[in-house]
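This report goes through one protein structure, element by element. Please look at the sequence and the 3D view below before reading on.

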Amino acid sequence: MISRRHRRHCTTFLWKKFEGVANRRGLAVQVLLLDNHLLAVDKPGGLLTQPSGSKEDSLEAQAKAWLKQEFKRPGNVFLEAVHRIDKPVCGIVLFARSSKALSRLNQAVRDKQTRKVYRARVAGRLKQSSA
């Protein structure tokens with residue numbers, strides 16, 4: 001279970017921008033929340049959430065490179081997506097920065113203590129159904 005203190009902390013957003021780190025497509029990705037346990041990032045459409053084994057760029061690879069640079073870490077950085085968003089979709093992706101945080105967040109998802117909210121932006125008018 002996520003502590004009350006941690007939930008309260010998660011409502012405080014730290015706005016930063018990391019641009020082009022390990023990014024071959026020139027995308028600018030916005031960090032919404034950063035603490036010792038979590039990283040929340042605004043994923044643009046067209047970018048994989050996690051590496052797929054191909055040479056295609058991913059949000060996770062960009063975020064790891066940014067964390068290494070930001071905190072001047074010489075070795076590997078632990079970062080795992082708590083959930084994924086399909087490649088064409090934009091939205092917030094939550095990453096765990098430690099195995100303990102990942103375990104607790106995965107348990108919260110299994111226990112249905114979390115919820116996802118989907119919103120769509122539509123341009124134009126929808127046609128009236130004939131049924």
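The model is predicted. A helix is the starting point: in α2, the buried residues are Leu59, Glu60, Gln62, Ala63, Trp66 and Leu67. These residues cover an arc of only 160° around the axis, so they sit on the same side of α2. The helix runs over residues 59-70 and has 12 residues. From its first C-alpha to its last, α2 reaches 16 Å, close to the 16 Å expected at 1.5 Å a residue.

What follows α2 in the backbone? Just after the helix comes Lys72, with a positive phi of about 50°. Lys72 belongs to the loop between α2 and β4, and a positive phi is found here in a residue other than glycine. Another lysine, Lys112, also has a positive phi although it is not a glycine. Lys112 lies in the segment after α3, the helix of residues 99-110. Both side by side:

| Residue | Phi | Relative accessible area |
|---|---|---|
| Lys72 | near 50° | 70%, exposed |
| Lys112 | about 60° | 72%, exposed |

Lys72 counts as exposed because its relative accessible area, 70%, is over 50%. By that cut-off, Lys112 is exposed as well, with 72%.

The strands come next. Which strands pair with β5? Strand β5 covers residues 91-96 and pairs with β3 in the antiparallel sense, over 6 bridges. In this pairing, Val41 stands opposite Val93 in β5. Strand β4, made of residues 80-81, also pairs with β5 in the antiparallel sense, over 2 bridges. Here Ala81 is the residue opposite Phe95 in β5. As for covering, β3 is mostly covered, with 5 of its 6 residues buried.

Ahead of β3 there is a loop that holds an acidic residue. Asp35 lies in this loop, between β2 (28-34) and β3 (38-43). Is Asp35 buried or exposed? Asp35 is buried, yet has no salt bridge. The nearest side chain of opposite charge is that of Arg97, 5.7 Å away. A salt bridge requires the charged atoms to be within 4 Å, so Arg97 at 5.7 Å does not form one with Asp35. What does the side chain of Asp35 reach? It reaches the backbone nitrogen of Leu38 at 2.6 Å.

Definitions and conventions:
Residues numbered from 1 in each chain as written. Predicted model: local features only at pLDDT ≥ 70, side-chain atom pairs only at ≥ 80, totals over all residues. Heavy atoms only, no water. Helix = DSSP H or I, 4+ residues; strand = E, 2+ residues; numbered from the N terminus. Buried < 20%, exposed > 50% of the residue type's maximum accessible area, 1.4 Å probe, protein only. Lys, Arg positive; Asp, Glu negative; His and termini not counted. Polar contact = N/O pair within 3.5 Å; in protein donor to acceptor, adjacent residues only side chain to side chain. Expected span 1.5 Å × (residues − 1). Arc of directions from axis to C-beta. Pairing = 2+ DSSP bridges.
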